[in-house]
Amino acid sequence: MIERELSTDGRFGRYVLRPHRSATWSDNLWLVAAVALMAVPIAMAWAVAGFWLILPLCGLELAFLTLGLYIVNHSLLAQEVITIDEDQITVEAGKRDVERRFELARDWAQVLVQPARRRAHPSRLILRSHGRAVELGRFLTDDERDELAGDLRGVLAQPGHGPARQGPAR
């Protein structure tokens with residue numbers, strides 16, 4: 001998911017990239033509760049019939065389901081913030097706080113989309129400047145990556161310092 005905040009002249013801006021989250025943590029807990037409402041009575045019936053080992057396995061199943069949903073939910077908290085100023089591009093990435101920060105020179109920045117090396121693998125969106133490179137939007141779809149690349153190219157094509165120069169005055 002891409003959120004854009006661009007200046008009125010389109011020379012500066014900020015992009016916030018986040019993975020798609022189809023369910024919140026509370027939605028996931030409701031899912032665990034629904035599974036528990038089905039699994040626990042069945043496990044209790046089997047325990048009454050003499051297969052008592054079913055109860056701890058049912059609890060283990062619910063614990064692993066909750067753990068798996070938590071891990072996925074936590075990984076979906078990732079975000080990248082791309083800020084384009086007059087002379088630099090700042091990329092900040094992290095989950096709750098900034099974990100990685102990259103600063104690149106705007107005037108020399110290039111936006112590259114590397115095609116996938118294998119079929120069914122995602123392409124890569126690379127922002128590079130002066131030999132330094134950072135991959136953007138690993139969690140975006142290929143279409144979103146292409147859209148972001150076009151947007152970034154459009155913003156970077158605008159001059160960053162003051163109004164556009166049109167050559168020497170005559």
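In this predicted model, Ile-82 makes a good starting point for a tour of the interior. Leaving out residues up to four places away in sequence, Ile-82 touches Gly-13, Arg-14, Tyr-15, Leu-17, Ile-89, Thr-90, Val-91, Leu-136, Leu-148 and Leu-152. The largest nonpolar core has 20 residues, and within this core Ile-82, Leu-127 and Leu-148 touch the most other members. Two or more residues each come from β2, β3 (79-84), β4 (88-94), β7, β8 and α3. The greatest share belongs to α3, which gives five residues to this core. Another core, of five residues, lies apart from the largest one; among its members are Ala-36, Ala-39, Ala-43 and Leu-62.

The strands that feed the largest core can be followed sheet by sheet. One open sheet holds five strands in the order β1-β2-β3-β4-β5, and the pairing is antiparallel. Which strands of this sheet stand at the edges? These are β1 and β5 (100-105), and because each has a single partner strand, one side of each is left without a neighbour in the sheet. On average, and with direction ignored, neighbouring strands here are turned by 10° against each other.

The start of this sheet can be traced residue by residue. Strand β1 (residues 2-6) pairs with strand β2 (residues 13-17) in the antiparallel sense, over five bridges. Along this pairing, Ile-2 stands opposite Leu-17 in β2, and Glu-3 stands opposite Val-16 in β2. In a regular strand, side chains alternate between the two faces of the sheet. The two strands β1 and β2 form a hairpin with six residues between them, and Gly-10 in the turn has a positive phi of about 75°.

A further open sheet is built from three strands in the order β6-β7-β8, again with antiparallel pairing. Here β6 (110-114) and β8 (132-136) stand at the edges; each has a single partner strand, so one side of each is left without a neighbour in the sheet. Neighbouring strands of this sheet are turned by 30° against each other on average, direction ignored. Helix α3 (residues 142-157) packs on the sheet and touches β6, β7 and β8, with its direction making about 160° with that of β6.

The pairings within the three-stranded sheet are as follows. Strand β7 (residues 124-129) is joined to β6 by five bridges, and the two run antiparallel; in this pairing Gln-110 stands opposite Arg-128 in β7. Five bridges also join β7 to β8, which likewise run antiparallel, and Ile-126 stands opposite Glu-135 in β8. The hairpin formed by β7 and β8 has two residues between the strands, and His-130 in the turn has a positive phi of about 50°.

Away from the sheets, helix α2 (residues 54-75) offers a simple check of its geometry. At 1.5 Å a residue, the 22 residues of α2 should span 32 Å, and the end C-alpha atoms are 32 Å apart, which agrees. Which residues of α2 are buried? They are Cys-58, Leu-62, Leu-69 and Asn-73. Because these residues cover an arc of only 40° around the axis, they lie on the same side of α2. The buried residues of α2 pack against α1 (25-48). On the face turned away from the buried side, α2 carries the exposed residues Phe-64 and Ile-71.

Cys-58 gives a closer view of this helix. Is Cys-58, a residue of α2, buried or exposed? Its relative accessible area is 8%, and because the cut-off for burial is under 20%, Cys-58 counts as buried. Apart from its neighbours within four places in sequence, Cys-58 is in contact with Ala-39, Val-40 and Ala-43. Of these contacts, Ala-39 and Ala-43 are also among the members of the five-residue core. Cys-58 can also be placed relative to Met-44: the two are 14 residues apart in sequence and 9.4 Å apart in space, C-alpha to C-alpha.

Conventions:
Residues are numbered from 1 along each chain as its sequence is written. This is a predicted model: local features need pLDDT of at least 70, side-chain atom pairs count only at pLDDT 80 or more; totals for chains, interfaces and linings use all residues. Side-chain values use heavy atoms; hydrogens and water are left out. Two strands pair if DSSP finds at least two bridges between them. Helices (H or I, at least four residues) and strands (E, at least two) are DSSP runs, numbered from the N terminus. Axes are lines fitted to C-alpha atoms, for helices over the stretch in contact, and angles run from 0 to 180 degrees between N-to-C directions. Contact means heavy atoms within 4.5 Å. The expected span of a helix is 1.5 Å times one less than its number of residues. Buried means under 20% relative accessible area, exposed over 50%, partly exposed in between (1.4 Å probe, protein chains only). The arc is that of the directions from the helix axis to the C-beta atoms. A nonpolar core is a set of buried Ala, Val, Leu, Ile, Met, Phe, Trp, Tyr and Cys residues joined through side-chain atoms within 4.5 Å.
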